[in-house]
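This report looks at a helix and its neighbours, then at a single residue, and lastly at a pocket. Please keep the sequence and the model in view while reading.

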Amino acid sequence: MPHVIVTPLSRLLEISEAHRASRIVTLINAATPVARPGHVAEKDHLFLGFNDIIEPQEGLIPPNETHVRSILSFADTWDRAQPMIVHCYAGISRSTAGAYITSLHLNPDQDEMALAMELRRRSPSATPNIRLVAMADDILGRKGCMVDAIKSIGRGADAFEGVPFILPVKGVD
């Protein structure tokens, strides 16, 4: 079964090589250097530079609708033959939101609450960035269900960085 792997930056190369991921989504501060694994083509690496914030703050770049649409478009071109990695600096907020958004986008019949509960089960520290989730909820026409589901699982356990985990995604229709 195809899947999305969530990981912190510190484990990107290791996890990418171990799972032979074909695509990578990087959701990180714009100035953070990220080495793309050699087996992943440049066209298969989406780098989106923004800060992990939920409200605009002077000097920081908040996630915006263009970022969310880029994630959705990138997911649309994934053949799902090999895993896709979604990562941020810590593997806790931006990346878990990105994986949640990607899974619901590719599987529109999937239940938002069930996926949020599965996300929590697989990652006790997951705290998906609610700003990203809310924008995706609007774009995907989920009528607040994505936001409600993520709010229902609450803040994850305190951690410096998350432990990599897999979020299954249904195969190509």
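Against which helices do the buried residues of α6 pack?

## Helix α6 and its partners

In this predicted model, the buried residues of α6 pack against three helices, namely α3, α4 (residues 112–122) and α5 (residues 130–140). Helix α6 itself runs over residues 145–153, and its buried residues are M146, V147, A149, I150 and I153. Because these residues cover an arc of only 165° around the axis, they lie on the same side of α6.

Just after α6 comes G154, whose phi is positive, at about 70°.

## T102 in helix α3

Helix α3, against which buried residues of α6 pack, spans residues 94–106 and contains T102. With a relative accessible area of 2%, T102 falls under the 20% limit and therefore counts as buried. When residues up to four places away in sequence are left out, T102 touches V4, I71, A75 and M84.

## The largest pocket

The largest pocket holds about 340 Å³ of space. It is lined by 21 residues, of which D52, I92, S93, T127 and R155 are the closest to its centre.

By residue class, the lining of the largest pocket is made up of 10 nonpolar, six polar and five charged residues.

How values were computed: Residues numbered from 1 in each chain as written. Predicted model: local features only at pLDDT ≥ 70, side-chain atom pairs only at ≥ 80, totals over all residues. Heavy atoms only, no water. Helix = DSSP H or I, 4+ residues; strand = E, 2+ residues; numbered from the N terminus. Buried < 20%, exposed > 50% of the residue type's maximum accessible area, 1.4 Å probe, protein only. Contact = heavy atoms within 4.5 Å. 1 Å grid on protein atoms, 1.4 Å probe; cavity = no way out; pocket = protein on both sides within 12 Å on 5 of 7 lines; lining within 4 Å. Points joined across faces, edges and corners; volume = space filled by probe spheres on them. Nonpolar A, V, L, I, M, F, W, Y, C, P; charged D, E, K, R; others polar. Arc of directions from axis to C-beta.
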